[in-house]
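Labels such as "buried" or "exposed" should rest on a value and a cut-off. Let us test some of them, one at a time.

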Amino acid sequence: MEMKIDKVIEPTPGRGIVIAGPCSAETEGQVMQCAKDLAKLNQVDLFRSGIWKPRTRPGSFEGVGKEGLQWLKRVKEETGLKTTTEVAKASHVYDCLKAGIDVVWLGARTTVNPFSVQEVADALNGTDIPVMIKNPINPDLGLWIGAVERIYKAGITKIGLIHRGFSYHGETVYRNVPRWQMAIEMKRRFPELQMVVDNSHICGNRHMLAEVAQEALNLNYDGLMTEVHPRPDEAWSDAAQQITPAVFGELLEGLRLRKPSANEVEMERLTELRRQIDEIDSDLIGMIGRRMKLADQIGHFKAERNIAVLQESRWDEVLKEASQRGKDHGLSEEFMHGYLRAIHQESIDHQDAIVNKAQ
C-alpha cells in the first residue's frame with residue numbers, strides 16, 4: 001500500500017524527538033509538577049500521560065478518565081508543552097479532540113485487536129490529529145502494519161511508530177524484549193514513518209533506560225518516549241520503570257546522536273567490510289544448501305526403514321553442543337537457539353515431505 005506520510009513531530013535540529021511524562025495522570029498537582037519540571041529542561045517535544053489505563057486484571061488503577069484531559073489542557077496553557085495520551089476506543093478520541101490534545105497514540109493492547117483499531121480509525125475520520133502506533137504485544141508484524149493501514153485509510157497522514165517491545169515467555173532482563181530486528185523491518189517497509197523507542201516499557205526498570213535509549217539511537221530511531229514522574233516510587237502504575245525529571249535530564253545529556261549516514265571516506269571502508277560480509281553470507285547459504293541435501297538423504301533413509309522423522313534426543317544433543325560452540329565464538333544463546341531452530345525446522349520439513357511422498 002503506497003502512502004504519503006508527514007512527520008508527527010518536527011524535531012529540533014541536533015537532537016531526536018523527546019516524549020516524556022508520567023505513566024498515569026494521578027492528580028492535577030502531580031501532572032503539573034511533572035510538566036513544569038520537564039519544561040525547564042527545554043528538550044521535551046511532547047508531554048505524555050495516560051488518562052485511560054487498560055489493565056490486565058480488574059481492580060487495578062485504570063486511570064482518572066476524561067477529567068485528566070483538563071489537566072493536560074492546563075499543561076499546554078501554562079508550560080507551552082504539547083500533549084499526548086493513549087486512546088483505545090471512539091469515545092476516547094472524541095474526548096481528546098474536544099480537549100485539544102495534540103497527538104494521540106494507540107497502545108499495544110489496542111494494536112493487537114483490529115476491531116479496536118478500526119473503531120479508533122472511524123472516530124479519527126475527518127480529523128488531522130497526528131497518531132502514533134505502538135507495536136502489538138505479541139511479535140506479529142502484520143498486526144502493526146494493519147494498524148498503520150487502517151489509520152491511514154481514515155485520512156490521517158501524520159503517523160508515527162512507537163517500539164515498546166514484545167511479550168516473551170521465559171527468563172529475560174527486559175519487561176518486554178526489544179526484538180530490534182522486527183522494529184527495523186517495520187522501519188524498512190515504512191521509512192517515511194518516524195519511530196521512537198519506549199524504553200520504559202522495554203526495560204520495566206530504571207537502570208537499563210539509558211542503555212536501551214542509546215541502542216535505539218544507534219539504530220537510527222527518531223527519538224524516545226520515557227515515563228517520568230516527580231515521585232516515581234509513589235506512582236500508581238509502573239513505578240519501577242519511572243524516573244524523576246532531574247534523572248531524565250541526565251539521561252538525555254548522556255545520549256549520543258549518531259550520523260544517519262557515512263561520508264565518502266567512511267563509506268569506502270564500510271563498502272569493503274560489507275563486501276567481505278556478502279562473501280561470507282554467500283558461503284553460508286551454500287553450506288546450508290549442502291546441509292539440506294544431507295537432510296534429504298536422511299529423509300530417504302528414514303522413509304525406507306519407517307523411522308520417525310523427529311529424533312528428540314538427537315535434537316537435544318545438537319542444541320546443547322552447537323550452543324556451546326556458538327558461545328565460544330561470541331554468539332549469544334538467544335541467537336544460537338533461534339538459528340538452530342530455523343535450520344532444524346527446515347530439515348524437518350525436507351524430511352517430512354520425503355517421508356509423506358514415500359507413503
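Q: How much area does the protein chain expose, and what share do carbon and sulfur atoms supply?
A: The protein chain exposes about 19400 Å². Carbon and sulfur atoms supply 50% of that area. Keep in mind that this is a predicted model.

Q: What secondary structure does the protein chain have, and how far does the C-alpha trace span?
A: The chain comes to 13 helices and eight strands. Along its principal axes, the C-alpha trace spans about 80 × 50 × 45 Å.

Q: What percentage of the residues in the protein chain are buried?
A: Buried residues make up 45% of the 359 residues. To earn that label, a residue must have under 20% relative accessible area.

Q: Why is Val104 called buried or exposed?
A: Its relative accessibility is 1%. The cut-off for buried is under 20%. Therefore Val104 counts as buried. Val104 lies in strand β4, residues 103-106.

Q: What does Val104 touch, leaving out residues up to four places away in sequence?
A: Val104 touches Thr84, Thr85, Val87, Cys96, Ile129, Pro130, Val131 and Met132. Take Ile129: Val104 and Ile129 are 25 residues apart in sequence. Their C-alpha atoms are 7.5 Å apart in space.

Q: Why is Pro245 called buried or exposed?
A: Pro245 has 7% relative accessibility. Buried means under 20%. So Pro245 counts as buried. Pro245 lies in helix α10, residues 245-254.

Q: Which residues touch Pro245, not counting those up to four places away in sequence?
A: They are Cys34, Asp37, Leu38, Leu41, Val228, His229 and Pro230. Pro245 and Ala35 are 210 residues apart along the chain. Their C-alpha atoms are separated by 8.9 Å.

Q: What class does Gly204 fall into, and why?
A: The value is 22% relative accessibility. Buried needs under 20% and exposed needs over 50%, with partly exposed in between. So Gly204 counts as partly exposed. Gly204 lies in the loop between α8 and α9.

Q: What does Gly204 touch, not counting residues up to four places away in sequence?
A: Gly204 touches Arg175, Ala240 and Gln241. Gly204 and Ala240 are 36 residues apart along the chain. Their C-alpha atoms are separated by 6.5 Å.

Q: Why is Arg15 called buried or exposed?
A: Arg15 has 19% relative accessibility. The cut-off is under 20%. Therefore Arg15 counts as buried. Arg15 sits in the segment before β1.

Q: What makes the link between the side chains of Arg15 and Asp45 a polar contact?
A: The distance is 2.9 Å. A polar contact is a pair of N or O atoms within 3.5 Å. So the Arg15 and Asp45 pair meets the distance cut-off. A polar contact of 3.1 Å also joins the side chains of Arg15 and Thr12.

Q: What is the phi of Asp238, and where is this residue found?
A: Asp238 has a positive phi of about 50°, although it is not a glycine. Asp238 is found in the loop between β8 and α10.

Q: Why is Asp238 called buried or exposed?
A: Asp238 has 18% relative accessibility. Buried means under 20%. So Asp238 counts as buried.

Q: Why is Asn306 called buried or exposed?
A: The relative accessible area of Asn306 is 73%. Exposed means over 50%. Therefore Asn306 is exposed. Asn306 lies in the loop between α11 and α12. Its phi is positive, near 55°.

Q: How do you know what span to expect for helix α11?
A: The expected span is 1.5 Å times one less than the number of residues. Helix α11 has 42 residues, and 62 Å is expected. From first C-alpha to last, α11 reaches 61 Å, close to that value.

Q: Which residues of α11 are buried, and what do the buried residues pack against?
A: Met292, Ala295, Gly299 and Lys302 are buried. The buried residues of α11 pack against α13, residues 333-358.

Q: What lies at the start of α11?
A: A side-chain oxygen of Asn263 reaches to within 3.2 Å of the backbone nitrogen of Val265.

How values were computed: Residues are numbered from 1 along each chain as its sequence is written. This is a predicted model: local features need pLDDT of at least 70, side-chain atom pairs count only at pLDDT 80 or more; totals for chains, interfaces and linings use all residues. Side-chain values use heavy atoms; hydrogens and water are left out. Helices (H or I, at least four residues) and strands (E, at least two) are DSSP runs, numbered from the N terminus. Buried means under 20% relative accessible area, exposed over 50%, partly exposed in between (1.4 Å probe, protein chains only). Contact means heavy atoms within 4.5 Å. A polar contact is a pair of N or O atoms within 3.5 Å; within protein, one must be able to donate a hydrogen and the other to accept it, and residues adjacent in sequence count only if both atoms are side-chain atoms. Accessible areas come from the Shrake-Rupley method with a 1.4 Å probe; for residues, only the protein chains shown count as cover.
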